[in-house]
Amino acid sequence: MARAVHDVRYAACMLATLLAAAALAAPPARPNIVFIMSDDHCTQAISCYGASAAPGLIATPGIDRIAREGMRFDRSSVTNAICGPSRAVMLTGKHSHINGFATNDQKFDGAQQTFPKLLQAAGYRTEVVGKWHLSSDPTGFDHWDVLVGQGDYWNPTFVVDGVKTVREGHVTDIIHREAVARLGALAEGARQGTPFALLLHHKAPHRNWMPQPRHYALFRDVVIPEPSTLFDDYAGRSTASSMQAMLVSRDLSWEYDLKVEARRLQPEGKPAQLDQWMANELGRFPAPVRDGIGGTYLAENDALYAAIGGMDARAQTSWKFQRYAKDYLRTAQGVDDSVGGILDELDRLGIAQDTLVVYTSDQGWFLGEHGWYDKRWMYEESFRMPLVVRWPGRIPAGSTSDALVQNLDFAPTFLEAAGAAIPADMQGKSMLPLLRAGGAQDKPFREAVYYRFEESKGPHTVPRHEGVATDRHKLIRFLDLKDDAGRPLLELYDLEADPDERTSLAGRPSHAALEAALLGRLEALRAQYRAP
Ligand code: CA
């Protein structure tokens, strides 16, 4: 009897030891990946970043939840602040000049290596829903359901695994609904041993800022504070800042951007091309939406028609800023609704613990700072990207990092999390060690980042430039512009002393050593990344 009890105990003990050893030897958990990206969403409009555009008025509880339960990156930046190229950098982990998609009028070569293809090879199921914007069809996905080009806000056309499909409704809600529908099947696959990567890419809050009707009332009776640089005269900068065509005061279209009937303001004038486009677009909307748009703006617009004769240029700019900023924020609110809804769905499906969730945007945005809308520049507002990441039990909740991470780093991060090898030709770096350590680092993740913008011939006429940024300084070199002495035009900023980048220190004898050191860093990064 005693011998039998002993044998049972011994067997149980051995079994426990074997199970423990098996657990240690098991490969690391391969998380599902939900990569949520919006288009043109800036940190100034996100409450876990302080929502500097309107502190206390903006609330983004969905995005904030990811930060609260995971990590917020405070110095995440883009390598090229323009839509398609940023997406190509994320897919490949390579700078635009290497992946071959440097401007929006190019076509992404889908035959090249991307992280979705490598995840597929590692046994993942990969899907993309939403905005794609790379001209060529998606490759490396088991299922793809993407907008045609930029995509329309209302009744947009999608291409689903090669077949064009028109869907009724608002683009953010449609993308959200389709993603939720996919998640059920993906969760089931994951339970049976096939992890997934779902890329959920919203069009909003891209121009021309058309919110869902449920958000029209938001911000209606409040005044959005004007940024301190809304009327910037660029006196402290080089001539480059004056060359753009992205001024709230001058370049926003009354009808297309601001939803005002241009005829009522300028009865004699011919409508601008974009205004005409908007007039055509309205005809496509469902009648209740058209009425909603009219009803929402009617009273404010009537007041504008009555007052415009007595409004000077500054007053008109202030009016335009309010309409623009509110529509942008309302449209972004729809994205945050979706983020919160996806987190709830992961909870409902019981896979939140096994899923790495990322929220980011393809770059930042000028929400009136320096008088602008749009992006493209290496200046902070468009250079900075929101980035929050959650992986319960792996990333300490509520952690933050000021490491100089970039969109270049997504591909290697996802691969390492999936236990797949990171190809040597990827130029980014995995953020996973940083994430696991809650942001703690023995040495800087990266000393400096390289930036390069090429699309000078596109809309908004921002001159081509490249640059280097460290944790404190930024040097920008314009590729086609010269200073009075015939040298490449430079701008140099001390971000600590001058966070709004109002005063360039380039060419000042007091900062000559700093300028030379940053030029040296720029050349080193150009060599490292094989820049042209
Ligand atoms: Ca964009």
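## Reading domains and cavities in a predicted model

Author: Let's start with the layout: the chain is divided into domain 1 (31-211 + 326-432) and domain 2 (451-528). Keep in mind that this is a predicted model.

Reader: Happy to. How far apart do the C-alpha centres of domain 1 and domain 2 lie?

Author: Those C-alpha centres are 28 Å apart. In the contact itself, domain 1 takes part with 22 residues and domain 2 with 25 residues.

Reader: And what area is buried between domain 1 and domain 2?

Author: About 2000 Å² is buried between them, and carbon and sulfur atoms give 59% of that area. On the domain 1 side, look at Arg-376, Met-378 and Tyr-379: they supply 38% of the area that domain 1 buries against domain 2, more than any other three residues.

Reader: I'd like to check the charges too. How many salt bridges are counted between domain 1 and domain 2?

Author: The count is two. Arg-376 is worth a second look, as it forms a salt bridge with Glu-455. The closest N and O atoms of that pair are 3.5 Å apart.

Reader: Now for the empty space. What does rolling a probe over the atoms show?

Author: A probe the size of a water molecule, rolled over the atoms, shows where empty space is left. In this model, four cavities of 30 Å³ or more are counted.

Reader: Which residues line the largest cavity?

Author: The largest cavity has a volume of about 70 Å³. Its lining includes Arg-75, Ser-76, Ser-77, Glu-380, Phe-383 and Arg-384, and Leu-404, Val-449, Ala-469, Thr-470 and Leu-495 are also among the lining residues. Domain 1 and domain 2 each give at least three residues to this lining.

Reader: How does that lining split by class?

Author: For the largest cavity, the split is five nonpolar, three polar and three charged residues.

Reader: What about the second largest cavity: which residues line that one?

Author: The second largest cavity holds about 60 Å³ of space. You can find it by selecting Phe-35, Met-37, Arg-87, Met-90, Leu-91, Lys-131, Trp-132, Leu-134, Leu-199 and His-201. Strand S1 (32-38), helix H3 (83-92) and strand S7 (196-201) are the elements that give two or more residues to this lining.

Reader: Which element gives the largest share of that lining?

Author: That is H3, with three residues. By class, the lining of the second largest cavity has seven nonpolar residues, one polar and two charged.

Technical notes: Residues are numbered from 1 along each chain as its sequence is written. This is a predicted model: local features need pLDDT of at least 70, side-chain atom pairs count only at pLDDT 80 or more; totals for chains, interfaces and linings use all residues. Side-chain values use heavy atoms; hydrogens and water are left out. On a 1 Å grid over the protein atoms alone, a cavity is a set of points where a 1.4 Å probe fits but cannot get out, and a pocket is an open set with protein on both sides within 12 Å along at least five of seven lines; lining residues have an atom within 4 Å of a point. Grid points are joined across faces, edges and corners, and a volume is the space filled by probe spheres set on the points. Ala, Val, Leu, Ile, Met, Phe, Trp, Tyr, Cys and Pro count as nonpolar, Asp, Glu, Lys and Arg as charged, and the others, Gly among them, as polar. Domain bounds come from an automatic or database domain assignment. Helices (H or I, at least four residues) and strands (E, at least two) are DSSP runs, numbered from the N terminus. Contact means heavy atoms within 4.5 Å. Buried area is the accessible area (1.4 Å probe) that two parts lose on being put together, summed over both. A salt bridge is a side-chain nitrogen of Lys or Arg within 4 Å of a carboxyl oxygen of Asp or Glu.
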